[in-house]
Each structure stands twice: as C-alpha cells, then as structure tokens.
Amino acid sequence: MKTRVLVADDEESSRSGLVLLLTTLGYEVESAENGDEAIERARTFRPAVVIADLVMPGTDGLGVLKAVRAELPTPSPSCSPAMPASRPRWRPCARAPTTT
C-alpha cells in the first residue's frame, strides 16, 4: 500500500508541481485548493502526511493541520506547513547540510 499524501495549496503551480513530484516518487497523492477543501478531503482520503501552505483563503494551513490531527484516528498523520521561498516573509527553518 502506497503512503497517502494530501497537498493543500491555493497556488495551482505549486500544488501541481508538488503533486507531480510526489506521484513520481511513488506516493498516492490528492490535492486541495484551499483549507476547507483540504479538511474535507482528509476525512475521506485519510492521508498519512499532510503538506499545507500556510497562507490560503478560508482556513489557513495551520488551521488545516490542527483540524486534520484532531479528526483522524491515532496515530496522527505527519503534518507539515509549506510556504514557497518566493514569498518575502518566508525564512527557512533549517538549511540542508552541505557536502565538502
């Protein structure tokens, strides 16, 4: 059984790019255009992982993650907020290790 991933992002290019990447890597992926749609899809799709944009119309990314964790049975899905680097207020939490 493939790992299920739900991608929520209001920017179509970001959403479709991530869906394509994850599908190519062998994940079963569904997507949503906004937070409210993501919560509805999570109820039926039952993802193991949720990747949500922080800034979306309606319910924002953190609201999606809280709602999904509260509604799905344990073990809770892994939830991660996502925000494209093109947004000026975004700063990475950690940098990837560099090789020398």
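Strands here are DSSP runs of E at least two residues long, numbered from the N terminus. With that in hand, valine 49 is a good place to start in this predicted model: the residue is found in strand β3. Is valine 49 buried, exposed or partly exposed? Its relative accessible area is 24%, and because buried means under 20% and exposed means over 50%, valine 49 counts as partly exposed. Along the sequence valine 49 is 20 residues from valine 29, and in space the two C-alpha atoms are 9.6 Å apart.

Let us step back to the whole chain. The protein chain has three helices and four strands, and reading along the sequence gives the pattern β-α-β-α-β-α-β. Of its 100 residues, 30% count as buried. Among the contacts with a separation of 6 or more, 61% come from residues 24 or more positions apart.

Now turn to a pair of helices, α2 (residues 35-45) and α3 (residues 61-71). Their axes are 9 Å apart, and the helices pack at an angle of about 20°. Angles under 35 degrees count as roughly parallel, and α2 and α3 are therefore roughly parallel to each other. The crossing in which α2 passes α3 is right-handed. Which residues make the contact? From α2 come Gly35, Ala38, Ile39, Ala42 and Arg43, while α3 brings Val64, Ala67, Val68 and Glu71. Sorted by class, this contact has six nonpolar residues, one polar and two charged.

Some of these names return in the nonpolar core. The largest core has 15 residues, and those touching the most other members are Leu6, Ala8, Ala38, Val50, Ala52, Val64 and Val68. At least two residues of this core are supplied by each of β1 (4-8), α2, β3 (49-53) and α3. There is also a second, separate core, made of five residues, with Val5, Val7, Val29 and Ile51 among them.

Glycine 61 is worth a look next. This residue has its place in helix α3, and glycine 61 counts as buried, with a relative accessibility of 0%. Setting aside neighbours within four places in sequence, glycine 61 is in contact with Ala52, Asp53, Leu54 and Met56. Aspartate 36 is 25 residues from glycine 61 in sequence, and their C-alpha atoms are 9.8 Å apart in space.

Follow the chain back to the loop between α2 and β3, and you will meet arginine 46. What is the phi of arginine 46? The value is positive, about 55°, although the residue is not a glycine. For context, most residues other than glycine have a negative phi. Arginine 46 has a relative accessible area of 42% and is partly exposed.

Finally, visit lysine 2, in the segment before β1. Where does lysine 2 find its contacts, leaving aside neighbours within four places in sequence? They are with Gly26, Tyr27 and Glu28. Alanine 48 is 46 residues from lysine 2 along the chain, and a distance of 9.9 Å separates their C-alpha atoms.

Definitions and conventions:
Residues numbered from 1 in each chain as written. Predicted model: local features only at pLDDT ≥ 70, side-chain atom pairs only at ≥ 80, totals over all residues. Heavy atoms only, no water. Axes fitted to C-alpha atoms, helices over the stretch in contact; angles between N-to-C directions. Parallel < 35°, antiparallel > 145°, perpendicular 65-115°, else oblique. Left-handed = near helix turned anticlockwise from the far one by under 90°. Contact = heavy atoms within 4.5 Å. Nonpolar A, V, L, I, M, F, W, Y, C, P; charged D, E, K, R; others polar. Core = buried A, V, L, I, M, F, W, Y, C linked by side-chain atoms within 4.5 Å. Buried < 20%, exposed > 50% of the residue type's maximum accessible area, 1.4 Å probe, protein only.
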